[in-house]
Amino acid sequence: MSISTLEGLRVLDLTRLFPGPVATWHLASMGASVIKVEDTGAGDYAKEFFKTPEETKAGLDSSFYRAINNNKEVIYLDLKNPDDQTRFLELVKQADLLIESFRQGVMNKLGFSYDSLKQIKPSLVYCSITGFGATGAWKHKAAHDLNSIAMTGVLHQLADANNKPIMPNLQIADLLGGAASAAMGCLAALWRAQRTGEGSFVDISMTDGTLAHNLTAQVGYHAHGDAPLAKEDLLNGGVPQVVDVEPIRQRVLLKIRDARDEIETTIAKRAVQLQFLIRHVGHDVRRNRLRRQHDPVGDTVAFEARDPGDRGQRP
């Protein structure tokens, strides 16, 4: 962002790997000052993720680690060491926000629970990112992205041509249920702290956050008694097939204007908002047959592109 909207916000980041570091990366990108606290042993082992031989030879951390931590100050503390504990508490006094992603109970054992730290800094916002949240029967269980998307029905929606689940290379639970949900929750809590002077505990469950955003499948379940599989619903490939009958170009082009130039983008053979297509395409489009809301999903729509100068009567 060109404007540092969070300038002056001080964040202590005790997280590692993916969800927490991405959350604080977003905050740092908006101007927050983030101190990433890593242990004096292995540190954040994301440093080794996807590491190339060239990076190893050059003594560099992995590009994966650098991509989501390049805008932070990194320090190393042993939170079991009395001297480092004292230094950490001094940092807490100066912080507005603390984010951690340990299993439930770890921070308590270290003496750094929210109840303890708010005695030192009453306005502190304390965020905990875990697989299943700070309460409930599963609060002590670990979770990975795949666990969360499977339990929330997201994996059911991601299938190959044979309706077998596929593992996406976009970590949905980590990034949406974890990182994005944490960033939003923390900003809301910080707004409250600014107005009231009172901090709060932000409990982020990656699984709960993922389930809350799996909206279209839940709507499908509500409407049909089951979540539609691939190519069975409005937004997962079951929309009308757009069949271009123009013999020359064999495709319909959508002209997208930006501040610099005009870009022609080929529309895929499916389109949901057909009225958008008709309004913005660079040709008049003759509608041969248009799917109505009550028509079966997967119906076919044929378009004929005509020269813009042809203003003959439309059917």
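Here is a friendly walk, in questions and answers, through a predicted model of this protein.

Reader: To get my bearings, how many helices and strands does the protein have?
Author: Happy to start there. The chain has 315 residues, of which 40% count as buried. As for its regular elements, the protein has twelve helices and eleven strands.

Reader: Among contacts between residues at least 6 apart in sequence, what share joins residues at least 24 apart?
Author: Good thing to ask of any fold. The count takes in contacts between residues at least 6 apart in sequence, and then picks out those that join residues at least 24 apart. That share is 65%.

Reader: Which residue of β4 stands opposite V11?
Author: Let's begin with the strands themselves. Strand β1 covers residues 10–13 and runs parallel to β4, with three bridges joining the two. Within this pairing, the residue opposite V11 is L97.

Reader: And which residue in β5 is the bridge partner of L97?
Author: Here we follow β4 to another neighbour. β4 and β5 pair in the parallel sense over four bridges, and L97 also stands opposite V11 of the β1 pairing. In β5, the partner of L97 is V125.

Reader: Are the residues on the two faces of β4 buried or exposed?
Author: Take one side at a time. L97 and I99 lie on one face of the strand, while L98 and E100 lie on the other. A residue needs under 20% relative accessible area to count as buried. Both faces are covered, and these four residues are all buried.

Reader: On the β2 side, which residue does L12 stand opposite?
Author: β1 and β2 run parallel and are joined by four bridges. β2 is mostly covered, as five of its six residues are buried. The residue of β2 opposite L12 is I35.

Reader: Moving to the largest pocket, which helix gives the most to its lining?
Author: The largest pocket has a volume of about 930 Å³. Of its 30 lining residues, the closest to the centre are L17, P19, A143, H144 and D174. Both β5 (125–130) and α7 (145–151) supply at least two residues of the lining. With three residues, the element that gives the most is α7.

Reader: How many charged residues are in the lining of the largest pocket?
Author: Sorting the lining by class answers this one. There are 17 nonpolar residues and seven polar ones. The charged residues number six.

Reader: Why does G41 count as exposed?
Author: G41 sits in the loop between β2 (33–38) and α2 (53–58). Its C-alpha is 8.2 Å from that of D78, 37 residues away along the chain. Exposed means over 50% relative accessible area. G41 counts as exposed because its relative accessible area is 63%.

Reader: What is the phi of F50, and where does this residue lie?
Author: Some background helps: most residues other than glycine have a negative phi. F50 is not a glycine, yet its phi is positive. F50 is found in the loop between β2 and α2, and its phi is about 60°.

Reader: Why is N163 called partly exposed?
Author: N163 belongs to the loop between α8 (154–157) and α9 (172–196), and it has a positive phi of about 60° although it is not a glycine. Partly exposed means between the limits of 20% and 50%. N163 earns that label because its relative accessibility is 35%.

Key
Residues numbered from 1 in each chain as written. Predicted model: local features only at pLDDT ≥ 70, side-chain atom pairs only at ≥ 80, totals over all residues. Heavy atoms only, no water. 1 Å grid on protein atoms, 1.4 Å probe; cavity = no way out; pocket = protein on both sides within 12 Å on 5 of 7 lines; lining within 4 Å. Points joined across faces, edges and corners; volume = space filled by probe spheres on them. Nonpolar A, V, L, I, M, F, W, Y, C, P; charged D, E, K, R; others polar. Buried < 20%, exposed > 50% of the residue type's maximum accessible area, 1.4 Å probe, protein only. Pairing = 2+ DSSP bridges. Contact = heavy atoms within 4.5 Å.
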